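Colleague: I am new to this one. Could you take me through it step by step?

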Amino acid sequence: QPAIYVLMLTQRVQPLVKRRRDLFNGDIELRIQELQAVLSQLGNKVDGLTAFYSATVEEVQREFSEALLRQRQDLETGIQMRVAEHYNTLHQQNNRPEAGFSD
């Protein structure tokens with residue numbers, strides 16, 4: 001008698017267990033899909049941030065190069081001006097009549 005009772009109970013419970021298992025599996029699959037969607041969104045954000053970072057680095061490098069070029073040009077211009085001033089001063093000194101000697 002107990003074996004028949006257990007068999008009957010098992011036959012009654014088995015469909016319930018199967019339904020709960022199917023619901024659980026469906027819930028797990030849904031959560032996996034949600035997590036995959038989140039991972040995909042995060043991947044897109046990482047790609048976007050990487051592109052933004054690369055563009056920013058390129059812009060900073062370009063601006064730095066331009067600033068360095070301007071600074072070099074300013075320095076060269078300043079040096080040329082000082083050389084010209086010194087040359088003019090020397091030229092004027094060489095062309096100046098000596099003090100005390102007049103024609």
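Modeller: Gladly. At 44% relative accessibility, lysine 18 is partly exposed. Keep in mind that this is a predicted model.

Colleague: Which residue forms a salt bridge with lysine 18?

Modeller: Look for a carboxyl oxygen within 4 Å of the lysine nitrogen, since that is the cut-off for a salt bridge. The closest N and O atoms of this pair are 3.1 Å apart. The partner of lysine 18 is aspartate 22.

Colleague: How many residues apart are aspartate 22 and lysine 18 in helix α1?

Modeller: The two are separated by about one helical turn. Aspartate 22 is partly exposed, with a relative accessible area of 37%. Along helix α1, the spacing between aspartate 22 and lysine 18 is 4 residues.

Colleague: Which residue is linked with Lys18 and Asp22 in a network of salt bridges?

Modeller: Lys18 and Asp22 do not make up the whole network. A further residue is linked with them through salt bridges. That residue is Arg21.

Colleague: What is the N to O distance between arginine 31 and aspartate 27?

Modeller: Both residues lie in helix α1, 4 residues apart, or about one turn of the helix. Aspartate 27 is partly exposed, at a relative accessible area of 31%. The side chains meet in a salt bridge, and the N to O distance is 3.3 Å.

Colleague: Glutamate 76 and arginine 72 meet in a salt bridge too. Is arginine 72 exposed or buried?

Modeller: Their N to O distance is 3.1 Å. The pair sits 4 residues apart in helix α1, about one helical turn. Glutamate 76 is partly exposed, with a relative accessible area of 36%. Arginine 72 has 54% relative accessibility, and the cut-off is over 50%, so arginine 72 counts as exposed.

Colleague: What does the count of salt bridges come to?

Modeller: The pairs we have discussed include aspartate 22 with lysine 18, arginine 31 with aspartate 27, and glutamate 76 with arginine 72. The count of salt bridges comes to 5.

Colleague: Now the nonpolar surface patch. What is its area?

Modeller: Tyr5, Val6, Leu9, Val13 and Val17 make this patch. One of them, valine 13, is found in helix α1, which covers residues 2-95. Valine 13 is partly exposed, with a relative accessible area of 36%. The area of the patch is about 460 Å².

Technical notes
Residues numbered from 1 in each chain as written. Predicted model: local features only at pLDDT ≥ 70, side-chain atom pairs only at ≥ 80, totals over all residues. Heavy atoms only, no water. Patch = residues over 30% accessible without salt bridge, like charges linked within 9 Å, V, L, I, M, F, W, Y side chains within 5 Å. Areas by Shrake-Rupley, 256 points an atom, 1.4 Å probe, with all protein chains shown as cover. Buried < 20%, exposed > 50% of the residue type's maximum accessible area, 1.4 Å probe, protein only.
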